Amino acid sequence: MVKVIDFYKPVPKVIETVAKKKKRPKFMAVVDEDNCTGCQVCIPFCPVDCIEPLSKEKYESPPTPPVQVRFNECIGCNACFKACRQLTWDAIRMIPTDEFEAIYNITID
Ligand code: SF4
Ligand code: SF4
């Protein structure tokens, strides 16, 4: 039987101080909007505070809109991926930055 403490071991710590991006990340966190429950559990785990709920204008229903990542601030640390997967759901993918740029036609600094 898996102990509760073992299950939560891979979950990163909730951040206390917001950091800043220093270099181009190797990965980008991408939220699958159709799969995200909008629970916002991932938000306090992001060390650069770059996850935010989508506007309610875009999502009038359901009442809790999914979240999105401000891509040019993301440092690719995967904390949100782990938090979502271990604590709530499975709505975040980590994509190599080169691949991300080609798919979404967005340039990451
Ligand atoms: S933890 Fe997962 S399901 Fe919840 S808001 Fe974040 S991405 Fe969406
Ligand atoms: S990968 Fe790290 S920096 Fe990027 S959104 Fe997730 S928690 Fe924030």
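A residue counts as buried if 20 or more other C-beta atoms lie within 10 Å of its own, and as exposed if 12 or fewer do. In the predicted model described here, V67 has 24 other C-beta atoms within 10 Å and is therefore buried.

V67 belongs to strand β3, which covers residues 67-69. Residues distant in sequence come together at this position: the C-alpha atoms of V67 and I51 are separated by 6.6 Å, although the two residues are 16 places apart along the chain. I51 is also among the residues that V67 touches once those up to four places away in sequence are set aside. The others are V31, C36, G38, Q40, C42, I43, E52, P53 and L54.

The protein as a whole contains three helices and four strands. Read from the N terminus, these elements follow the order α-β-β-β-α-β-α. Of the 109 residues in the protein, 20% are buried. Among contacts with a separation of 6 or more, 76% join residues that stand 24 or more positions apart.

In soluble globular proteins, nonpolar side chains tend to be buried together. The largest nonpolar core of this model has 19 residues, of which C42, C80, C84 and I92 touch the most other members. Two elements, β1 and α2, each give two or more residues to this core. Helix α2 gives the most, with five residues. The buried residues in α2 are A79, C80, F81, A83 and C84, and what covers them includes β1, β2 and β4 (92-96). C42 links several of these parts. Apart from neighbours within four places in sequence, C42 is in contact with C80, A83 and C84, which are buried residues in α2. The contacts of C42 also take in I51, V67 and I92.

Two ligands are present in the model. Ligand 1 is surrounded by 16 residues, and those that come nearest are C36, C39, C42, C84 and W89. Helix α2 (residues 79-88) supplies the largest share of this shell, with three residues. By type, the shell around ligand 1 comprises twelve nonpolar residues, four polar residues and no charged ones. C42 and C84 thus appear both among the residues nearest to ligand 1 and among the core residues that touch the most other members.

Around ligand 2 there are 15 residues, the closest being A29, C46, C74, C77 and C80. This shell consists of 13 nonpolar and two polar residues, again with no charged residue. C80, one of the closest residues to ligand 2, is also buried in α2.

Most residues other than glycine have a negative phi. D49 has a positive phi, near 55 degrees. D49 lies in the loop between β1 (27-31) and β2 (51-53), and is partly exposed because 15 other C-beta atoms lie within 10 Å. N105 likewise has a positive phi, near 55 degrees, and is found in the segment after α3 (97-104). N105 has 7 C-beta neighbours inside 10 Å and so counts as exposed.

Note on methods. Residues are numbered from 1 along each chain as its sequence is written. Chains are lettered from A and ligands numbered from 1 in the order in which they are written. This is a predicted model: local features need pLDDT of at least 70, side-chain atom pairs count only at pLDDT 80 or more; totals for chains, interfaces and linings use all residues. A residue is near a molecule or strand if its C-beta atom, placed from the backbone, lies within 6 Å of it. Ala, Val, Leu, Ile, Met, Phe, Trp, Tyr, Cys and Pro count as nonpolar, Asp, Glu, Lys and Arg as charged, and the others, Gly among them, as polar. Two residues are in contact if their C-beta atoms, placed from the backbone, lie within 7 Å. A nonpolar core is a set of buried Ala, Val, Leu, Ile, Met, Phe, Trp, Tyr and Cys residues joined through C-beta atoms within 7 Å.
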